[in-house]
Amino acid sequence: MTDLAESLVERGVEVTAVSGRGRYNGGERLPAREDYKGVQIERAWSTGRGKRNSLARLSDYLSFYVGASWKLMRLPRHDVVMSLTTPPLIGIVAIIIGRLRRMRVVSLVQDVYPDVAVSLGALHKRNPMTRLLDHVSRFVLRKSDRIVALGECMRERITAKIGEDRACRIDVIHNWADGEEIKPLNDEENPFIAAHNLAGKFVVLFSGNLGRVNDFSTVLEAALALRERADILFLFIGEGAKASEIENFSKTHGLANIRLLPYQPREMLKYSLSAGHTSLVTLADGLAGLSVPSKTYGILAAGRPILFVGDARSSIARIVQDHHCGAVVSSGESARLAQIINDWAADQEQLARLGVAAREAFEKNFERARAVDAYLETFAKCLASSQSLKETTVSKLEETSL
């Protein structure tokens, strides 16, 4: 969202971001207002308990709904308000206040709720609360002027919820990376390699949130199968609910080929992504179309082959298969995953070809500027109720609220 806001400002759009005052994992409180590179940030009051347990998270969510509603009512009227799906169902605030203040509403679906929670076992499908949340989710999607889905599989899931008659409102806009910032690097020009003693290793990298949407069991079993290969290292960079699963598995089996590092500063991302000779993208079974791992696009920008572990129907699996830039492995196929890693470690030419294909796929389809163009087109559709899209110019986007 930071990338999108910055790029919209560069295109002449006035952007206001409404957010909470706490950080992602709790701790330091941020100022109520801030001007960030031309983006006006309005931070609503909410509790700042972080992600330590469900009650803390619920407190943060509910208080943010109240604080964001108050902010959105008091801000100058904007042309478009775009809501995300984190916290879940915040879109109801955008719909109610957007209609009261005659603002167009765009729903950006990062995760399909409550379907994700049901698939992960956090909610039971027939629970009255689940049914209520599903009703609210459908209401928000049906009442939105436009809906942004992150891939074709997600578009199909949303269509099933709102009906074919409303599917014309869905725009597929993939997430992206900054191809100028993140580029392929060899080991010799990458300071991250030396800083973390990775020279001479074939690094299988996972970078990002170690969350419940990920399937790590298949990856960990592959690491166990390759424990005798001292030259192959499984490197996990990030934090999250499943970090303990990785740590415990490594300790239980005495694995020296697994290493964990905390989140790295954003300015180091261009180096850390290139530290992997191949990168893992995983998705738990049942989540195809419900969640789309955004880490994929940085991997493609870095020119690294993708090892996707999960449902072959997912958008990321389709990208890998369509662009021949990696391999798709179903959950549970740890032996096949280990064999692919073993083969790639021994065949640098094949690895290089896959890396070139990854970067080419990125440049043709997933550059930041291409995505920004698509968002501007979506906003224009909202504002062009009586005109064709071709007659609508970006100048009509006088103020856009994120």
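The following exchange between a trainee and a mentor goes through selected features of this predicted model.

Trainee: How far do the confidence scores reach, and over which residues does pLDDT stay under 50?

Mentor: Because the model is predicted, local features need pLDDT of at least 70 and side-chain atom pairs count only at pLDDT 80 or more, while totals for chains, interfaces and linings use all residues. Residues are numbered from 1 along each chain as its sequence is written, and side-chain values use heavy atoms, with hydrogens and water left out. On pLDDT, the predictor's confidence in each residue from 0 to 100, the chain averages 90, and 94% of the residues score at least 70. The stretch with 44 contacts beyond four places in sequence (contact being heavy atoms within 4.5 Å), where pLDDT stays under 50, is residues 386–402.

Trainee: What is the strand order of the open six-stranded sheet, and which strands stand at its edges?

Mentor: Strands here are DSSP runs of E with at least two residues, helices are runs of H or I with at least four, and both are numbered from the N terminus; two strands pair if DSSP finds at least two bridges between them. The sheet has parallel pairing and the order β10-β9-β8-β11-β12-β13, with a twist that averages 20° from one strand to the next. Each edge strand has a single partner, so one side of it is left without a neighbour in the sheet, and the two strands in that position are β10 (258–261) and β13.

Trainee: Which residue of β9 stands opposite Phe202 of β8, and how are the side chains of β8 arranged?

Mentor: In a regular strand the side chains alternate between the two faces of the sheet. In β8, Phe202, Val204 and Phe206 point one way and Val203, Leu205 and Ser207 the other, and six of the strand's six residues are buried, meaning under 20% relative accessible area, with exposed over 50% and partly exposed in between (1.4 Å probe, protein chains only). β8 and β9 pair in the parallel sense over six bridges, and the residue of β9 opposite Phe202 is Ile232.

Trainee: Which helix lies across β9 and β10, and at what angle to β10 does it run?

Mentor: Strand β9 (residues 232–237) pairs with β10 in the parallel sense over four bridges, and Phe234 stands opposite Ile258 in β10. Axes are lines fitted to C-alpha atoms, for helices over the stretch in contact, and angles run from 0 to 180 degrees between N-to-C directions. The helix across these two strands is α9 (residues 243–253), and its angle to β10 is about 145°.

Trainee: Which helix gives the most residues to the largest nonpolar core?

Mentor: A nonpolar core is a set of buried Ala, Val, Leu, Ile, Met, Phe, Trp, Tyr and Cys residues joined through side-chain atoms within 4.5 Å. The largest has 59 residues, of which Leu8, Met154, Ile158, Leu300, Phe308 and Tyr375 touch the most other members. With six residues, the helix that gives the most to this core is α15 (residues 368–383).

Trainee: Which elements are included in what covers the buried residues of α6?

Mentor: In helix α6 (residues 152–162), the buried residues include Met154 and Ile158, and Gly163, whose phi is positive, near 100°, follows the helix. The covering elements include α4 (115–119), α5 (128–143), β6 (146–149), β7 (170–172) and α12 (315–323).

Trainee: Is Glu42 buried or exposed, and which side chain makes a polar contact with its side chain?

Mentor: Glu42 is found in strand β3 (residues 39–44) and counts as buried because its relative accessible area is 13%. A polar contact is a pair of N or O atoms within 3.5 Å; within protein, one must be able to donate a hydrogen and the other to accept it, and residues adjacent in sequence count only if both atoms are side-chain atoms. At 3.3 Å, the partner side chain is that of Arg33.

Trainee: Where does His324 lie, and what is its phi?

Mentor: His324 lies in the loop between α12 and β13 (326–329), and it counts as exposed because its relative accessibility is 59%. Although His324 is not a glycine, its phi is positive, at about 50°.
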